[in-house]
Amino acid sequence: MRVLTVCSGNICRSPTAEAALREALEEAGLTDRVEVDSAGTGSWHLGDPPDRRMVAAAAEAGLAVGGRARQVTPADLDAFDLVLTMDRANHRDVLRLAEGHGHADGLGRADVRMFREFDPQADRPDAEVPDPYYGGRGVFDEVVVLTRRTAKQIVEHLRGELA
């Protein structure tokens with residue numbers, strides 16, 4: 001199974017969600033059955049490492065965030081089984097990408113869902129992961145906490161899908 005996390009620039013939220021999923025998969029003993037990657041809907045950070053503020057907040061909590069920013073592609077919609085978007089704008093952008101590239105069923109093979117749809121503390125299924133880019137340290141810390149919490153629930157969902 002393959003899972004892709006998607007935010008705007010692929011330097012804050014989606015690489016943190018990717019790292020949190022890897023951590024939860026390792027704890028569940030599923031790293032050999034699930035591959036995780038991340039991407040952004042925009043191209044402005046292509047090739048850049050994750051935002052240093054995000055890396056610092058995650059590291060302080062014991063989570064290693066790494067990688068290089070890349071942009072989500074139409075091929076991702078065929079290559080990944082589950083695409084998890086961080087906010088409603090990212091969600092719309094991924095759906096538009098699918099429509100604009102003629103996927104017969106609209107999405108390719110990917111199931112496109114909001115990341116926090118799996119968050120047991122979300123107040124609604126389309127709750128967003130806040131974008132910390134223009135915020136203070138507290139928002140970066142919040143992203144780490146909620147991606148870790150949600151990643152555990154996503155892994156439980158994946159365990160059921162793999163059974």
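This passage walks through a helix, a pocket and a handful of buried residues in a predicted model.

Helix 2 is a good place to start. This helix runs over residues 52–60, and Met-54, Ala-57 and Ala-58 are buried in it. Looking down the axis of helix 2, the buried residues fall within an arc of 95 degrees, so they line one face of the helix. The background to this is simple: an α-helix has 3.6 residues a turn, so residues three or four places apart point the same way. On the face turned away from the buried side sit Arg-52 and Glu-60, which are exposed. As for what lies over the buried residues of helix 2, the cover includes helix 1 (13–28) and helix 5 (137–162).

Both ends of helix 2 have something to show. At its start, a side-chain oxygen of Asp-51 comes to within 2.8 Å of the backbone nitrogen of Arg-53. Just after the helix, Gly-62 adopts a positive phi of about 85 degrees.

Gly-62 is a glycine, but a positive phi also turns up at Asn-10, which is not one; there the angle is about 65 degrees. Most residues other than glycine have a negative phi. Asn-10 belongs to the loop that links strand 1 (2–7) to helix 1. With a relative accessible area of 2%, Asn-10 falls under the 20% cut-off and so counts as buried. Its side chain has two polar partners to mention: the side chain of Ser-14, at 2.8 Å, and the side chain of Ser-38, at 2.9 Å. Setting aside residues within four places in sequence, Asn-10 is in contact with Pro-15, Ser-38, Ala-39, Gly-40, Arg-68, Ala-69 and Arg-70. For Gly-40, the C-alpha atoms are 4.3 Å apart, although 30 residues separate Asn-10 from Gly-40 in sequence.

Asn-10 also helps to line the largest pocket. This pocket holds about 160 Å³ of space. Its lining takes in Cys-7, Ser-8, Gly-9, Asn-10, Ile-11, Cys-12 and Arg-13, along with Trp-44, His-45, Asp-131, Tyr-133 and Tyr-134. By type, the lining splits into six nonpolar, four polar and two charged residues.

Ser-8, one of the lining residues, leads on to Asn-90, since the side chains of Asn-90 and Ser-8 are joined by a polar contact of 3.2 Å. Asn-90 is part of helix 4, and its relative accessible area of 1% makes it buried. Beyond its neighbours within four places in sequence, Asn-90 is in contact with Val-6, Cys-7, Ser-8, Arg-13, Thr-41 and Thr-85. The C-alpha atoms of Asn-90 and Val-6 are 7.0 Å apart, with their positions 84 residues apart along the chain.

Asp-87 is found in the loop between strand 3 (82–85) and helix 4 (88–100). At 11% relative accessibility, Asp-87 is another buried residue. Its side chain gets to 3.1 Å from the backbone nitrogen of Ala-89. Once neighbours within four places in sequence are left out, the contacts of Asp-87 are Ser-8, Arg-13, Met-114 and Glu-128. Ser-8 and Arg-13 are among the contacts of Asn-90 too, and both appear in the lining of the largest pocket.

Two further buried residues round off the picture. Val-72 sits in the loop between helix 2 and helix 3 (76–79), and its relative accessibility of 9% counts as buried. Apart from residues up to four places away in sequence, Val-72 touches Leu-4, Val-6, Ala-39, Gly-40, Thr-41 and Leu-97. Ala-39 and Gly-40 are also contacts of Asn-10, while Val-6 and Thr-41 are contacts of Asn-90. Ala-151 is another matter: 79 residues along the chain from Val-72, its C-alpha atom is separated from that of Val-72 by 20 Å.

The other residue is Asp-76, in helix 3. Asp-76 has a relative accessible area of 7% and is buried. Its contacts, not counting residues up to four places away in sequence, are Leu-4, Arg-70 and Gln-71. Leu-4 is touched by Val-72 as well, and Arg-70 is in contact with Asn-10.

Note on methods:
Residues numbered from 1 in each chain as written. Predicted model: local features only at pLDDT ≥ 70, side-chain atom pairs only at ≥ 80, totals over all residues. Heavy atoms only, no water. Buried < 20%, exposed > 50% of the residue type's maximum accessible area, 1.4 Å probe, protein only. Helix = DSSP H or I, 4+ residues; strand = E, 2+ residues; numbered from the N terminus. Arc of directions from axis to C-beta. Contact = heavy atoms within 4.5 Å. Polar contact = N/O pair within 3.5 Å; in protein donor to acceptor, adjacent residues only side chain to side chain. 1 Å grid on protein atoms, 1.4 Å probe; cavity = no way out; pocket = protein on both sides within 12 Å on 5 of 7 lines; lining within 4 Å. Points joined across faces, edges and corners; volume = space filled by probe spheres on them. Nonpolar A, V, L, I, M, F, W, Y, C, P; charged D, E, K, R; others polar.
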